[in-house]
Amino acid sequence: MRNTGLRRPLGTIIKKYWFFYMLVLPGFAVLLLFNYVPMYGLLLAFKDWNLTKGVWGSPWTSMRGFKYFLSFLTDPYFWRVMRNTIVINLYNLAFGFTFTIFLALMINEMRSQRLKRTVQTAVYLPYFLSWIIFAGLVNAFLDPQTGLINNVIVLLGGSPVRFLTDNRYFQPVVVITNTIKESGYESILYLAAIAGISPELYESAKVDGGNRLHMILHIILPHITPTIAVLLLLRVSRLLASNFEQIYNLYSPMVFDTGDTAATYIYRVGLEQSQYSLSTALNLFTNILGLLLLLVTNKLVERRNFEGIL
Amino acid sequence: MSALRAGKAPRKWRRRFGGFDVFVTVFCLLFALVCFFPLWYVFVVSIMPYSEFVQHPLAIFPTSGIDLQYYRAIFSNASIWNAIFYSVVKTGLATGLSVIITAAMAYGVSKRHIPGMQVVNVMTIVTMYFGGGLIPVYLLYRDLGLLRSFWAMVLPFSLNVGYYIIMRNYFLHELSSELEEAAHLDGANPIQAFFRVVLPTSAPMIAAVTLFIAVAMWNDWYSFHTYVNVPAIRPLANTLREILTKNNLVNSISNEAQALLGFKPPPVALRMATVIVATTPILIVYPFLQKYFAKGLMLGAVKG
């Protein structure tokens, strides 16, 4: 290696910084093995998987390797799955996202610090429970025979509602349970932004005769707009991503019509039906679309002079 | 001091408690109730006699005494103890490995001037957005012999990219570089500086990350479900899933408990008691979790 002013010989560099390289090495090896080696397996999307021949030896598919892409792109079920994924995300955006902002504003307005802490303790908790536990709680409430809510409905003279196995209710249940589980934790981001507002701003607004609603509208909301923009675009960039853990633990074949999403479909096709190539092609397709969405939304944020999300 | 606490309204108009405050308080308390009540309800059902649950399915407090029979039933079952054992072991191993490898890497990469570190950093962040996905990962595990192996629940978690970013940012921006420089001036080499200055100073941050990773590992059901599926080494999260979604295990627990309790405990009650058993460890560490993330330590995870 040339020994110029900028490029020192590799040996000298390693000798000088060997300790730091040693610290990085195990993590880097794990990264290569568990994150980069599988990228090679993406070839499967263009090949007919053959167990004995492996990824490399399996033959390329017809249609110049795009057989599986054409097969799912012409499959109406694939489009239903994509529609479900996007619709659930849009509902989450319209309901969960706005609710989170509202919740943060309300928590901020609480006067009693002790009550505020109690509320925060309660609303952050669900985030730390796994979807297995949370699905157990959801069932304890929505079960047609033993669930609390159905017991109330029956007591009031109604007939039990099959919330989790009826296509009319499944998507609302997904959105509401997701909001309960995540919005408390997400509200911290807004509370942190609100905490950065200078008290002088409130004082001067007070002098101008503003009440607390004015403060929210004219001081707090403008101040947290960058945070809102970043989180909104983060959500938009994940329009094609599904909350696998949630859906997988709540859905059943009875609600595939409204509840089957990209991630759950890819999982079932791949591991329950062992269609490795099709599943990989589906995954690659949605992954690339998601990546494009992310890049586009990131450009949008940057154009608005906010910090990018990447 | 309180005036400096931003986000708080100035003292002058904090006196009147008007309609706005009523709305705010009621809204917040209601949502807090929605978040907390499900767990409370499941807890109450799990400790009240089944006869009472049948009579008053809406009870929100055990009025006619506490009955721990369902817990006796669960804990008399060998597969539950087995599940707890494997959960504890895999949580301990995966958390330890993950924290050590991730923290070491984050610290090394935080020395951005060292050649190659930027490349490693970018390569790590890229994996948050792109990867092989389900089947390629599955096939890799197959080739590594991780399928149906205990280690599939441990080794893949060795590097936690999300906490890598948080820790790297901490070492970059929060850790005072002056301390390190002072150590160097005192004649300490990088190794001594790392163990005597960096590690002790960042101990609270590392402790917080450890807790968060431990909760994630305790909750992890996906790796067993997808790659392992050997009942003999099934962790508690998956055993809970088995109890909640299928009838075999819950019925066998119920049958076995008949000799002990004199009656067959109903599956609903056993299910709720198991939910509480799986949640308890999280509730125990929850005060610490809340303390740390209320400080905003974990906020960096949202952005790369």
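At what angle do the axes of helix α7 (residues 161–174) of chain B and α9(B) cross? They cross at roughly 170 degrees and come within 11 Å; here axes are lines fitted to C-alpha atoms, for helices over the stretch in contact, and angles run from 0 to 180 degrees between N-to-C directions. α7(B) and α9(B) are therefore roughly antiparallel to each other, the label for angles over 145 degrees.

Before going on, note that this is a predicted model, where local features need pLDDT of at least 70, side-chain atom pairs count only at pLDDT 80 or more, and totals for chains, interfaces and linings use all residues. Residues are numbered from 1 along each chain as its sequence is written, with chains lettered from A and ligands numbered from 1 in the order in which they are written.

Back to the helix pair. On the α7(B) side you'll find Tyr163(B), Ile166(B), Met167(B) and Tyr170(B), which meet Ser202(B), Met205(B), Val209(B) and Ile213(B) in α9(B). Being in contact takes C-beta atoms, placed from the backbone, within 7 Å. Helices are DSSP runs (H or I, at least four residues), numbered from the N terminus.

Now zoom out to chain B, which splits into domain 1 (17–67) and domain 2 (72–304), with bounds from an automatic or database domain assignment. Their centres, taken over C-alpha atoms, are 31 Å apart. Each domain puts seven residues into the contact. On the domain 1 side, α1 (19–47) and α2 (50–55) of chain B give two or more residues each, and α1(B) has the largest share, with five residues.

Chain B also meets chain A, with 80 residues of chain B in contact with 80 residues of chain A. Among the elements giving two or more residues to the chain B side are α4 (78–110), α9 (190–219) and α13 (267–294) of chain B. The largest share of that side, 16 residues, comes from α1(B).

Here is how the contacts divide by class:

| Contact | Nonpolar | Polar | Charged |
|---|---|---|---|
| α7(B) with α9(B) | seven residues | one residue | no residues |
| Domain 1 side of chain B, touching domain 2 | six residues | one residue | no residues |
| Chain B side, touching chain A | 58 residues | 16 residues | six residues |

In this scheme Ala, Val, Leu, Ile, Met, Phe, Trp, Tyr, Cys and Pro count as nonpolar, Asp, Glu, Lys and Arg as charged, and the others, Gly among them, as polar.

Methods
Contact = placed C-beta atoms within 7 Å. Parallel < 35°, antiparallel > 145°, perpendicular 65-115°, else oblique.
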